[in-house]
Amino acid sequence: LGGSISRALAQMSNATVIDEKVLGECLNEISRALLQSDVQFKMVRDMQTNIRKIVNLETLAAGTNKRRIIQQAVFSELCNMLDPGKAAFIPKKGKPSVVMFVGLQGSGKTTTCTKYAYYHQRKGFKPSLVCADTFRAGAFDQLKQNATKAKIPFYGSYMESDPVKIAVEGLERFRKENSDLIIIDTSGRHKQEAALFEEMRQVAEATKPDLVIFVMDGSIGQAAFDQAQAFKQSAAVGAVIVTKMDGHAKGGGALSAVAATKSPVIFIGTGEHIDEFEVFDVKPFVSRLLGMGDLGGLMDKIQDVMPADQQPELLAKLAEGTFTLRLLYEQFQNLLKMGPIGQVFSMLPGFSSELMPKGHEKEGQAKIKRYMTIMDSMTDAELDSTNPKLMTESRVMRIARGSGRQVRDVMDMLEEYKRLAKMWSKMKGLKMPKNGKMSDL
Ligand code: GDP
Ligand code: MG
């Protein structure tokens, strides 16, 4: 007994020892969360090794919130792991580009091809779709249906069995039609077979794509590394899209896919519908991997930058979860101020990545001002409505006239609102601190 007491005392007088223990416990806890999020075992181990190098035990000993210091170190380490150090090819309007999709059957290629086309169509591109999946019966019908709904030109065949031939024909046809984004969907079969990879190699060789996108199911887990690597070896994969992030999957396999292909994640799929597609935003993704929820980073930020007496009001609005156009207008005002509150809103998932992408803040501001001008022509009832059916065609036309913009601009603004409202709805029922202060959460 005497021995253990003196040992405990010795430990307490030596802060470094205690912090070593805290660090170990914290890392174990975080590692468990990452493994549950399907991060590959080896990557979790690498992360641990790196954190031990980065986290300085003396800083830790001096810091008041050790857990938070460690968590932040892990957070930025995971962000680094998702950053391969080079950007993906970005198609340019009016300049013909070819983008080829690869991935296993069922990963979501065909669905994602159409989402990708639609996303660019909304940005003013002239996309087109080529179905080079001749393996699965019904593949062409599926693409045809998706493309027709989105009014995107498509090419394929029920008879032809050579995917290379179809890909080349489709390419020729759409080059003639001046499509500036020709998207090639391919077969995936159901497992990794030599024949599949040979086929991908041939299609890529014949079509010389500007970008090959590897599509992976967000729930794929430990198999992600080998799968991504196998595709990388048959075609020069330059970007990753993670699908089915609307389910329980946390998408930890994305870390493996980035490592195996040395390419960034560019979008995530968040549903079966054509507009359930988001630009990849690393911070909310990592928060989710760590089990911190979408709002983990946001909460820290609110606490750091916002005067304590303003926190309760903001939290109440977040918890309410009703996102009217008026609330959006107020948030735009905040965002333009870029004061503390602006910083908070720029952290909301979907706000910064789409509205104010890094390096394009000027354009982002111009867009937000344009949206606000449009909203200035709305009635109070329109601004405060929670009924999505209220915006009839005649109202949209009146708003366009009133603000001196095109109907298309108004539609664009309303689409953006819908997208943000959907993100906002995730915050409904946010846990409120008892006395309204963030530090008590
Ligand atoms: P492919 O075989 O790779 O072409 O995959 P498909 O595009 O045919 O998709 C397979 C299934 O996954 C279909 O039922 C899709 O509707 C579904 N799917 C694709 N992406 C998503 C997504 O982001 N979320 C959800 N919930 N389902 C998706
Ligand atoms: Mg398919």
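1. Two strands pair if DSSP finds at least two bridges between them. On that basis β1 and β5 pair in the parallel sense, over 4 bridges. One residue match fixes the register: the bridge partner of V102 is F214 in β5. The model discussed here is predicted.

2. The wider setting is an open sheet of 8 strands with mixed pairing, in the order β3-β2-β4-β1-β5-β6-β7-β8. β3 and β8 (277-279) stand at the edges with a single partner strand each, so one side of each has no neighbour in the sheet.

3. How many residues of β5 are buried? The count is 7 of 7, and the strand is described as mostly covered. In a regular strand the side chains alternate between the two faces of the sheet. In β5, L211, I213, V215 and D217 point one way, while V212, F214 and M216 point the other way, and all are buried. A charged residue, D217, is thus listed with the buried ones.

4. On its other pairing, β5 is joined to β6 by 6 bridges, and the two strands run parallel. D217 stands opposite T243 in β6. From β6 the sheet continues to strand β7 (residues 265-269) through 3 bridges, again with a parallel run. Here V240 has V265 of β7 as its bridge partner.

5. Strand β2 (residues 127-132) can be read in a similar manner. It is mostly covered, with 6 of its 6 residues buried. P127, L129 and C131 lie on one side, and S128, V130 and A132 lie on the other, so that both faces are covered.

6. Which strands does β2 pair with? With strand β4 (residues 181-186) it pairs in the parallel sense over 6 bridges, and A132 stands opposite T186 in β4. With strand β3 (residues 154-155) it shares 2 bridges, and these strands also run parallel. L129 stands opposite F154 in β3.

7. Two helices lie across the sheet strands. Helix α8 (residues 163-176) lies across β1 (97-102), β2, β3 and β4, and runs at about 165° to β2. Helix α10 (residues 224-234) lies across β1, β5 (211-217) and β6, and runs at about 155° to β5.

8. A further packing is between two helices, α5 (residues 66-81) and α12 (residues 282-289), at an angle of about 120° with the axes 10 Å apart. Angles of 65 to 115 degrees count as roughly perpendicular and those over 145 as roughly antiparallel, and α5 and α12 are therefore oblique to each other. Their crossing is right-handed. The contact is made by F75, L78 and C79 of α5, together with V282, K283, V286 and S287 of α12. By class, the residues in this contact are 5 nonpolar, 1 polar and 1 charged.

9. Two backbone angles should be read with the loops in view. D38 is not a glycine, yet has a positive phi of about 75°. The residue lies in the loop between α2 (15-36) and α3 (41-54). Buried means under 20% relative accessible area and exposed over 50%, so D38, at 22%, counts as partly exposed.

10. K244 is the other case. Its phi is near 60°, a positive value in a residue other than glycine. K244 is placed in the loop between β6 (237-243) and α11 (253-261). Is K244 buried, exposed or partly exposed? At 38% relative accessibility, K244 counts as partly exposed.

Note on methods. Residues are numbered from 1 along each chain as its sequence is written. Chains are lettered from A and ligands numbered from 1 in the order in which they are written. This is a predicted model: local features need pLDDT of at least 70, side-chain atom pairs count only at pLDDT 80 or more; totals for chains, interfaces and linings use all residues. Side-chain values use heavy atoms; hydrogens and water are left out. Axes are lines fitted to C-alpha atoms, for helices over the stretch in contact, and angles run from 0 to 180 degrees between N-to-C directions. Angles under 35 degrees count as roughly parallel, over 145 as roughly antiparallel, 65 to 115 as roughly perpendicular and the rest as oblique. A crossing is left-handed if the near helix is turned anticlockwise from the far one by less than a right angle, and right-handed if clockwise. Contact means heavy atoms within 4.5 Å. Buried means under 20% relative accessible area, exposed over 50%, partly exposed in between (1.4 Å probe, protein chains only).
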